[in-house]
Amino acid sequence: MDRVLLARRALAMGLGVLLFCGIWAALAAVRADLPGPLTTWHSALELFAHPFYDNGPNDKGIGWNILHSLQRVGLGFGLAALIGIPLGFILGRSPFIADLAAPIISVLRPVSPLAWLPIGLLVFQKASPASIWVIFISSLWPMVLNTADGVRQMPQEYLNVARVLQLSEWKVFTRILFPAVLPSVLTGVRLSIGVAWLVIVAAEMLTGGTGLGFWVWDEWNNLNVAHILIAIIIVGLVGLAIEQLALLAARRFDYR
Amino acid sequence: MFDASDSLLMNPQSSAPADARFVRIEQVGLTFQTRKARFEALREVNLDIARGEAVAVIGHSGCGKSTLLNLLAGLLMPTTGGVICGNKEVAGPGPERAVVFQSHSLLPWLSCFDNVYLAVEKVFGAQEKRAQLRARTEQALNRVGLSHAMHKRPGEISGGMKQRVGIARALAMEPKVLLMDEPFGALDALTRAALQDVTMQLHAQLGMTLMIITHDVDEAVLLADRVVMMSNGPAATIAQILDVDLPRPRDRLALAEDPRYHHCRAQILRFLQGHAQHD
């Protein structure tokens, strides 16, 4: 039963990929400047034959570019988690501080993180910290808001337990508040890291240097369209992997 | 049976022995102030409970019986009057007044053992070593017949077992007063009967004062020395108190043929029908 269902799903997925490649090939046949799936595949094989070569600052292997992008996302996201999650707890616990922060957050949240790039360049005077800064800003809001929501929506019965047992603030935090809110925190983490991965490509396009975004722009300047298509697929696959890891973590810690 | 007005006449300064008036609820009123309106939940509630006595509070939904329990627990503060427990005014929650919540309120991320241990650690952690704390926890779970499931999480056990853990957690604190807020309302009849028996046994063994909120007439008569009947809200108060003059230990099968039992049931039913809600 289960295996039949699984086989059917795998078949459908394979068919979907084939269909996509078919449409792609058809489009490539019409437009001579768009490489088809086969051309792209051969180009990718060539590219991944030496992923970690290093010919100076503007010519590095694809592996380096992926790692640089991941590193920036990791740093920016990590800093945002370090600040955003505690901030979310504070906003969720104190209505006064939540009101204090509400106008600022409401105005800043809808701003595209890329708008912060010039500020980052101004302050840090360097491309790499500026793009980390942009990642920081873009990952901050989902974590702050989801954590604060989780704290606010915590069932009163858990807090009543804390009151009847007269637990210390520390015990309330470690035994009740944190585990209860953890699923919401992880939702914020998942959203944040998704946004961060979306934003890094754009930020690196603007700052240059290294990274997948820079590479896309560089290959556009070289008019190597096959490499751009490869980059799109890589960005998608890495994003998928990150999302799955975050989901795995969320499922591991969900008590519900 | 006597009217609540009788108890109103009791002089608070009277020199009754402390044990007879271990818990004193005096002239308690509670008005909730919401953003839009004021709601007077309780008005002039007076009740004395003797040490070791079992009192059941019964009334229609929304009559403020849970509110009364929360006042005793210290989770709510009265607007007027006061609650005294063992010569001390209730100013907040305390381990000497343990609560068994209607919704069991176990922490789903902790095992049954850890749920109980949390309470044990809080109450006895300062004086005792870890081994002793663990022994207390195991003993409490043992008392409610849950030794076999203590390392499971609440999500992995039945509703009746969860409520047993809730009782174990409360008992493990060695409370002077055990407050039970409709503890078995969500359980099926057989499980409910089993837990009522557990409650009776523990009350007989440990001798704590017991207040149980219920809307089950049989449960009230079976468990209580006195049944407190509350009028409908708003401004609910104690309307009648019934002495349940049945010998202990009580056996539900034997009681089924006892005319005194039926007499008590009939009195409560008559009261509840007289105060039927028309909505």
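Asn87(B) is found in the loop that joins β5 (80-85) to β6 (88-89) of chain B. Strands here are DSSP runs of E with at least two residues, helices are runs of H or I with at least four residues, and both are numbered from the N terminus. This is a predicted model, in which local features need pLDDT of at least 70 and side-chain atom pairs count only at pLDDT 80 or more, while totals for chains, interfaces and linings use all residues. Residues are numbered from 1 along each chain as its sequence is written, and chains are lettered from A and ligands numbered from 1 in the order in which they are written.

**Backbone details in chain B**

Let us stay with Asn87(B) for a moment. Its phi is positive, about 70 degrees, although Asn87(B) is not a glycine. Asn87(B) counts as exposed because it has 9 C-beta neighbours inside 10 Å. The burial classes work like this: a residue is buried if 20 or more other C-beta atoms lie within 10 Å of its own, exposed if 12 or fewer, and partly exposed in between, with C-beta atoms placed from the backbone.

Gln27(B) also has a positive phi, near 50 degrees, in a residue other than glycine. Gln27(B) sits in strand β2 (residues 23-33) of chain B, and with 14 C-beta neighbours inside 10 Å it counts as partly exposed. The peptide bond from Arg248(B) to Pro249(B) is cis, with omega near -5 degrees. Pro249(B) belongs to the loop between β11 (238-243) and α8 (252-255) of chain B. For context, most residues other than glycine have a negative phi, and most peptide bonds are trans.

**The two chains side by side**

Chain B has 9 helices and 11 strands. Its radius of gyration is 19 Å, close to the 19 Å that the globule rule gives for 279 residues, so chain B is as compact as a globular protein of that length. The radius is taken over C-alpha atoms, and the rule is 2.2 Å times the number of residues to the power 0.38.

Chain A comes to 10 helices and 0 strands. Its radius of gyration of 23 Å is well over the 18 Å from the globule rule for 256 residues, so chain A is more spread out than a compact globule.

Here are the overall values for each chain.

| Item | Value |
|---|---|
| Chain A, C-alpha box along the principal axes | roughly 70 × 60 × 30 Å |
| Chain B, C-alpha span along the principal axes | about 50 × 45 × 45 Å |
| Chain A, buried residues | 33% of 256 residues |
| Chain B, buried residues | 42% of 279 residues |

Two residues are in contact if their C-beta atoms, placed from the backbone, lie within 7 Å. In chain A, 69% of the contacts between residues at least 6 apart in sequence join residues at least 24 apart. In chain B, residues 24 or more positions apart account for 70% of the contacts with a separation of 6 or more.

**Inside chain A**

The UniProt annotation "domain: ABC transmembrane type-1", from an unreviewed entry, covers residues 66-246 of chain A; such annotations may be inferred rather than shown by experiment, and their positions are given in the numbering used here, with feature names shortened. That span is 87% helix and 0% strand, and its end C-alpha atoms lie 19 Å apart. A separate division, from an automatic or database domain assignment, splits chain A into domain 1 (1-34) and domain 2 (36-253). The C-alpha centres of these two domains of chain A lie 30 Å apart.

Helix α10 (residues 225-253) of chain A has 29 residues, which should span 42 Å at 1.5 Å a residue; the end C-alpha atoms are 43 Å apart, which agrees. The expected span is 1.5 Å times one less than the number of residues. Buried in α10(A) are His227(A), Leu229(A), Ile230(A), Ala231(A) and Ile234(A). Their cover includes α2 (37-49), α3 (62-93) and α9 (212-221) of chain A.

Pro142(A) lies in helix α6 (residues 127-152) of chain A. Pro142(A) is buried, with 23 other C-beta atoms within 10 Å. Leaving aside residues up to four places away in sequence, Pro142(A) touches Gly188(A), Leu191(A), Ser192(A) and Val195(A).

**Where the chains meet**

The contact takes 13 residues from chain A and 15 residues from chain B. On the side of chain B that touches chain A, helix α3 (residues 112-124) of chain B gives the most, with 3 residues. That side of chain B divides into 11 nonpolar, 3 polar and 1 charged. Here Ala, Val, Leu, Ile, Met, Phe, Trp, Tyr, Cys and Pro count as nonpolar, Asp, Glu, Lys and Arg as charged, and the others, Gly among them, as polar.
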